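Open the model in your viewer and keep the selection panel at hand. The tour goes stop by stop.

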Amino acid sequence: MVDDLYQETILDHSKHPRNCHVLGGANHQAEGYNPLCGDKLKLYLRMKDDVVEDASFVGSGCAISTASASLMTESLKGLKRDEALKLLERFHDLLTTDSPVTQELGKLVVFCGVRDYPARVKCATLAWHTLKSALENKEEPVTTE
Ligand code: ZN
């Protein structure tokens, strides 16, 4: 039953992706490509100080990669950089290990079934790999003021 609910959420986000647009005022961005499946996406972040103020993406890909980017951008808003990186680690563990599902993942647990389909893991993690490179973008010049 739970699996059905998870599948419904993934389907909903793949058909009606949230935050699927170019983000005005983005100061971090990165592109990701998963050649195994042909998924492509471009991720935009607007960071203020150390906090993700807004996140969005554009791209084309399979249902899993689109739903993952949609749910990821929803989850990121309001997180600090290190919280976002921690979430990335948890998400990666969820898909690649038998680690127990933790509360911190929130809605992202809907992807736990993907661990049974190794070929799709890259689809689900594409947005997150892209997030990592976006966060590692060159910082804006720092002032000592
Ligand atoms: Zn895919």
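What follows is a walk through a predicted model, from the sheet to the metal site and on to the charged pairs.

**Stop 1: the sheet**

Show the cartoon and select the strands. Three of them form an open sheet in the order S1-S2-S3, with antiparallel pairing. Which strands lie at the edges? They are S1 (28–34) and S3, and each pairs on one side only. Look along the sheet to see the twist, which averages 20 degrees from one strand to the next.

Now zoom in on S1 and S2. Seven bridges join these antiparallel strands. Select Glu 31 and look for its bridge partner in S2, which is Lys 42. Next, bring in helix H4 (residues 118–135). H4 packs on the sheet and touches S1 and S2. The direction of H4 makes about 40 degrees with that of S2.

**Stop 2: the hairpin**

Move over to S2 and S3. They pair in the antiparallel sense over nine bridges. Pick Tyr 44: its bridge partner in S3 is Ser 56. Then follow the chain to the turn. This hairpin has two residues between the strands. Select Asp 49 there, which takes a positive phi near 55 degrees.

**Stop 3: the zinc ion**

Select the zinc ion. Which residues coordinate the zinc ion? The donors come from Cys 37 (SG), Asp 39 (OD, listed twice), Cys 62 (SG) and Cys 123 (SG), at 2.2 to 2.6 Å. Along the chain, the donors follow the spacing C-x1-D-x22-C-x60-C. Asp 39 lies in strand S2 (residues 39–48), while Cys 62 sits in the loop between strand S3 (51–60) and helix H2 (63–76), so this pair ties together parts that are 23 residues apart in sequence.

Switch on the surface. Are these ligands buried or exposed? Asp 39 is buried, at 1% relative accessible area. Cys 62 is buried too, at 16%. Cys 123 is also buried, with a value of 1%.

**Stop 4: a cysteine apart**

How many disulfides does the structure hold? The count is zero. Select Cys 20 to see one case. The closest cysteine sulfur is in Cys 62, 14 Å from the sulfur of Cys 20, so the two are too far apart for a bond. Cys 20 counts as partly exposed, at 37% relative accessibility.

**Stop 5: charged pairs**

Side chains of opposite charge can pair when their charged atoms come close. A search of the whole structure finds seven salt bridges. Three are worth a click.

- Select Glu 53 and Arg 46. They form a salt bridge, with the closest N and O atoms 3.2 Å apart. Glu 53 is partly exposed at 40% relative accessibility, and Arg 46 is partly exposed at 25%.
- Select Lys 77 and Asp 54. Their salt bridge has its closest N and O atoms 3.2 Å apart. This pair links distant parts of the chain: Lys 77 is in the loop between H2 and helix H3 (81–96), Asp 54 is in strand S3, and 23 residues separate them. Lys 77 is partly exposed at 37%, whereas Asp 54 is buried at 16%.
- Select Glu 136 and Lys 132. Here the closest N and O atoms of the salt bridge are 3.8 Å apart. Glu 136 is exposed, with 57% relative accessibility. Lys 132 is partly exposed, at 38%.

Terms used
Residues numbered from 1 in each chain as written. Predicted model: local features only at pLDDT ≥ 70, side-chain atom pairs only at ≥ 80, totals over all residues. Heavy atoms only, no water. Donors = N, O, S within 2.8 Å, 3.2 Å for Na, K, Ca; no water. Helix = DSSP H or I, 4+ residues; strand = E, 2+ residues; numbered from the N terminus. Buried < 20%, exposed > 50% of the residue type's maximum accessible area, 1.4 Å probe, protein only. Disulfide = S-S within 2.5 Å. Pairing = 2+ DSSP bridges. Salt bridge = Lys/Arg side-chain N within 4 Å of Asp/Glu carboxyl O. Axes fitted to C-alpha atoms, helices over the stretch in contact; angles between N-to-C directions. Contact = heavy atoms within 4.5 Å.
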